[in-house]
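Visitor: I would like to walk through this structure slowly, one question at a time. Could you guide me?

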Amino acid sequence: SPTYYYVNGFFGTLLYCNCKVDPTPISIYTSNSTEPTCEGLKKCEDVCDMDSPGCRMLQIPADNATLIPLNVWQYTEQLFGFEHNPGEMIRNLFVYIFFLKVVDFLLLSFVVKIKR
């Protein structure tokens with residue numbers, strides 16, 4: 001449906017983050033809190049644009065003792081199945097609009113011919 005393409009393109013453009021947080025669980029019982037790492041055990045501040053809203057860090061509880069670090073974009077991808085390909089989303093919207101315009105034109109021409 002066009003709503004999916006619109007919402008996916010909108011949130012994909014706003015929340016896209018160019019890096020992935022390593023899915024290494026963090027224990028809440030360890031005294032030395034380890035920072036999440038990105039892109040193969042690199043510091044996220046070095047790899048990611050931390051000013052981007054999609055790169056903000058979340059810690060999702062896996063169970064009572066561990067947290068899984070994710071950024072907002074990864075969470076949105078996993079929760080809603082969004083992808084970052086705004087070009088494809090825009091193309092699909094234009095095809096949908098074009099198809100509706102063609103159907104509208106054909107229906108109008110059909111109604112006009114019936115009234116004659």
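Guide: Let us begin with a term that we shall need soon: a residue is called buried when its relative accessible area is under 20%, exposed when that area is over 50%, and partly exposed in between. Please keep in mind that what you see is a predicted model.

Visitor: In what order do the elements of the protein run from the N terminus on?

Guide: The protein has four helices and five strands. Reading from the N terminus on, and writing α for a helix and β for a strand, the order of the elements is α-β-β-β-α-β-β-α-α.

Visitor: Is the protein a compact globule or more spread out than one?

Guide: The C-alpha atoms fill a box of roughly 85 × 30 × 20 Å along the principal axes. For 116 residues the globule rule gives 13 Å, whereas the radius of gyration of this protein is 22 Å, which is well over that value, so the protein is more spread out than a compact globule.

Visitor: What share of the residues of the protein counts as buried?

Guide: The accessible surface of the protein comes to about 8400 Å², and 63% of this surface belongs to carbon and sulfur atoms. To count as buried, a residue must have under 20% relative accessible area, and among the 116 residues the share that does so is 23%.

Visitor: How are the bonded cysteines of the protein paired, if they are numbered in sequence order?

Guide: The structure holds three disulfides. C17 is joined to C55, C19 is joined to C48, and C38 is joined to C44. With the bonded cysteines numbered in sequence order, the pairing is therefore 1-6, 2-5, 3-4.

Visitor: How many residues apart are C17 and C55, and which parts of the chain do they link?

Guide: The sulfur atoms of C17 and C55 lie 1.9 Å apart, and both of these cysteines are buried. C17 sits in the loop between α1 (2–15) and β1 (26–27), while C55 sits in the loop between α2 (44–47) and β4 (57–61), and the pair thus links distant parts of the chain, with a separation of 38 residues.

Visitor: Why does the disulfide of C19 and C48 tie together separate parts of the sequence?

Guide: C19 and C48 are both buried, and their sulfur atoms are 1.6 Å apart. Because C19 lies in the loop between α1 and β1 and C48 lies in the loop between α2 and β4, the pair ties together parts whose distance in sequence is 29 residues.

Visitor: Is the disulfide of C38 and C44 right-handed or left-handed?

Guide: The sulfur atoms of C38 and C44 are 1.9 Å apart, and both cysteines are buried. The torsion about their S-S bond is about 85°, so this disulfide is right-handed.

Visitor: Which residue forms a salt bridge with K20?

Guide: A search of the whole structure finds one salt bridge, in which the closest N and O atoms are 2.7 Å apart. K20 lies in the loop between α1 and β1, and its partner, 57 residues apart from it, lies in helix α3 (residues 72–80). The partner has 24% relative accessibility and so counts as partly exposed: this residue is E77.

Visitor: Is F99 buried or exposed?

Guide: F99 has its place in helix α4 (residues 86–115), and together with Y96, L100, V103 and L107 it makes a nonpolar surface patch of about 460 Å². Because its relative accessibility is 51%, F99 counts as exposed.

Notes
Residues are numbered from 1 along each chain as its sequence is written. This is a predicted model: local features need pLDDT of at least 70, side-chain atom pairs count only at pLDDT 80 or more; totals for chains, interfaces and linings use all residues. Side-chain values use heavy atoms; hydrogens and water are left out. Patches are made of residues with over 30% relative accessible area and no salt bridge: like charges are joined within 9 Å, nonpolar side chains (Val, Leu, Ile, Met, Phe, Trp, Tyr) within 5 Å. Accessible areas come from the Shrake-Rupley method with a 1.4 Å probe; for residues, only the protein chains shown count as cover. A salt bridge is a side-chain nitrogen of Lys or Arg within 4 Å of a carboxyl oxygen of Asp or Glu. Helices (H or I, at least four residues) and strands (E, at least two) are DSSP runs, numbered from the N terminus. Buried means under 20% relative accessible area, exposed over 50%, partly exposed in between (1.4 Å probe, protein chains only). The radius of gyration is taken over C-alpha atoms; the globule rule is 2.2 Å times the number of residues to the power 0.38. A disulfide is a pair of cysteine sulfur atoms within 2.5 Å.
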